[in-house]
Each structure stands twice: as C-alpha cells, then as structure tokens.
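Student: I have the sequence and the picture open. Please take me through them step by step.

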Amino acid sequence: MNMTITTVTGNISPEQLGPTLMHEHVFVQYGGPSSPYSTPGEVFDELVASCTVAIDQMKRYGVRTVVDPTTVDLGRNIPLLVALSTTTSFQIICATGIYSTAVYRRMRDRSGGPAAIADLFVRELTQGIDGSGVRAGIIKVATGAQRITDDERELLEVAAHTAYVTGAPVITHTEGMHGEEQQRILISGGVSPERIIIGHSCLSRDFNYHRRIIEAGSYLAFDRFGMPDMPDEVRVASLHALIAAGFTSRLVVSHDSVWHWVDGPVMGTGAYRNWKPTNFFERIIPMLQYCGVHDADITALLVDNPRRFFSSTHSGGNFSPIV
Ligand SMILES: [Zn+2]
C-alpha cells in the first residue's frame, strides 16, 4: 500500500498535494548535472534564485506541487531540488528512470543486465538516490516515434517490475503515439492501469487513441502547453473533446517546461514565450472556459486527478524476478 507520496523533502499525504503540475523540469543538462550546477557556489546560488522566481510565479496561481520527471541521464539535480523545496516550501516529486536507450544499454551492460537496473530503480525509490537519502516518488520511462524497440520494451518491463515491487506510479514520455503499447507492456508487467500516466498525449489529435487508453484505465497527460511543437489551440480542442465526452477524471496537465536548460532554449522567450509553468493559468484556462468547461473540471485536472493518481494502490508481492 502506498498512500504516502514521496517528495524530495519527505513524505506527504495525498491531501497535502494541492494543485499539481504533473510534468515540469527544474533543470536539464544532458549527461549532467555538472559540478557548478549541483554544488555550493555562485553558479548554484544563481540557479536557486532564478528557479525560485519560477516557483513564486506558480505559487501565485496556487500551485503547491510539481512532478519533475528528469531522469539521471537528463541531469536530475537532487541538491538543487532539495535546496529549492526547502527554501520555498514548494513540493517537488522527483523520478527514477532512464530516458535514452543508449544510456540504458550502457548502464545495463555494465551493471549485469536488466535486473540490476531494476534494483537501482527500486533503491532510488525505497532508500535514496546516490546516498543522499532523497527518494524518487515516480518512475519515468520513454519511447520514441518509431515502433517500440526491443530496448525500449525491455526498459518498460524493468519499469513495470520496479512499479510492481515498490508500488510506485509510472509516468511516460511518448511522441504522441504508442501510448497503448506502453500501457499494455506496463500492465502485463503487473502495474495497475490507474498507476500509469501516458505522457505527451496532447501530441495526438486522435480522440479514439485517447479514449482507448482512458477506457483501459490509465491517465493521459496534456503536458506540453506552450511548447512550440503544436499550437495550444489544438491541444485545447483535444482536451475539450475528452472533457465533453465525460473523461475529465483521467486527465492531468502540465507544460514540460525546463526552468534552466544548459545549452537549451530559454523558457518564456522568442518561440518559447508561452512555454512556462504559468501558461496553463494565463492562457489555457481562459480558452477552456470559452469552450464551456466548468471550474470543477479545471479543479479536477489540477487537484483531484493528481491526488487520485498518487493515492491509488496496486498490489505488490508475488513478483517474478527479471531474468
Ligand atoms: Zn519532459
């Protein structure tokens, strides 16, 4: 049973979650974080200050929690997350997982196979990350635009095994496709469908694809509001169609923003001007209201659904080890 939620500063109850953005990145650096960004000093202090501005802006809209699904190979920066959460009292849930299959292959082959990677994920969820005592609260896994590769499938099975053993929930990256296959692999590995969020589902405009994933019991994340890969009006139309069809309770929202991306785009500027963690409140809620979406539905997206997702349980126990 897993009724407590693990944040970077400790456990909270589902009621403490509050308005939650389900997919934002505090910091990204491929292969990082490099030392100036993750150890005390001027660069680190500047990073804390700039990320605190983003948190203060979210707080003005009532946001209490973000899920940061940055994996180890994307620069998951535990000292930064802890410093921010401690100084701002803002809740951050961090992830275990591996994003790149090339990194997965390397780590797997070095460590002795998929079971060793599962052990690492379990340790990060139950004991702590890199000896910090900070535990991950969710498992992140990804697939690309081509068909799901053998390595991606294997990593999904590792994630499923980890979820089954620990009871931790799973959040995925998709390119707006293959969400159903992700769901099937995770469920056949013993994960309850209601412990799965199929990420970046707003990249698909296919109502029936969305409907099938929801009807099989999982959540869809409309989690790229403001990203210039698609007009927000298109995401809103898809989201509205699902709400109008009665599927509100299986939808969560976010921006996939990156508050500091080393050698990456700067959020809130140029083509990325709407890509920031307040976009949902500033632009998307008014669009939804214009479509006739009620306040209770918006509250469901931000509060009720994250709380239910993190509160649900699935039975662990008699798992078979990965061979
Ligand atoms: Zn992301």
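Tutor: Start with a term: donors are N, O and S atoms within 2.8 Å of the metal (3.2 Å for Na, K and Ca), and sites may look incomplete because water is not among the atoms. This is a predicted model: local features need pLDDT of at least 70, side-chain atom pairs count only at pLDDT 80 or more, and totals for chains, interfaces and linings use all residues. Residues are numbered from 1 along each chain as its sequence is written, and side-chain values use heavy atoms, with hydrogens and water left out.

Student: How are the donor residues of the zinc ion spaced in sequence?

Tutor: H23 and H25 each coordinate the zinc ion through NE2, and D256 does so through OD. These contacts are at 2.1 to 2.2 Å. Along the sequence the spacing reads H-x1-H-x230-D.

Student: How many residues apart in sequence are the parts that H25 and D256 tie together?

Tutor: Helices (H or I, at least four residues) and strands (E, at least two) are DSSP runs, numbered from the N terminus. H25 lies in strand β4 (residues 25–28), while D256 is in the loop between β11 and β12 (258–261). So the pair links parts whose separation in residues is 231.

Student: Is H25 buried or exposed?

Tutor: Buried means under 20% relative accessible area, exposed over 50%, and partly exposed in between (1.4 Å probe, protein chains only). D256 has 5% and counts as buried. H25 has a relative accessible area of 5%, so H25 is buried.

Student: Which strands stand at the edges of the sheet?

Tutor: Two strands pair if DSSP finds at least two bridges between them. Eight strands form an open, parallel sheet in the order β3-β5-β6-β7-β8-β9-β10-β11. A strand with a single partner has one side left without a neighbour in the sheet, so the edge strands are β3 (20–21) and β11 (251–253).

Student: What is the bridge partner of T20 in β5?

Tutor: β3 pairs with strand β5 (residues 65–68) in the parallel sense, over two bridges. In β5, T20 has as its bridge partner T65.

Student: At roughly what angle do the axes of α2 and α3 cross?

Tutor: Axes are lines fitted to C-alpha atoms, for helices over the stretch in contact, and angles run from 0 to 180 degrees between N-to-C directions. Contact means heavy atoms within 4.5 Å. Residues F44, L47, V48, C51, T52, I55 and K59 in α2 meet P79, L80, A83, L84 and T88 in α3. The axes of α2 (residues 42–60) and α3 (residues 78–88) come within 10 Å, and the crossing is roughly 50 degrees.

Student: What word describes how α10 and α11 lie to each other?

Tutor: Angles under 35 degrees count as roughly parallel, over 145 as roughly antiparallel, 65 to 115 as roughly perpendicular and the rest as oblique. The axes of α10 (residues 279–290) and α11 (residues 295–311) cross at roughly 140 degrees. The two helices are therefore oblique.

Student: Which residue does a cis peptide bond join to G32?

Tutor: Omega of this bond is about 5 degrees. The residue sits in the loop between β4 and α1 (35–38). G32 is joined to P33.

Student: What is the relative accessible area of S89?

Tutor: S89 is found in the loop between α3 and β6 (91–97). S89 is not a glycine, yet its phi is positive, at about 60 degrees. S89 counts as exposed, because its relative accessible area is 64%.
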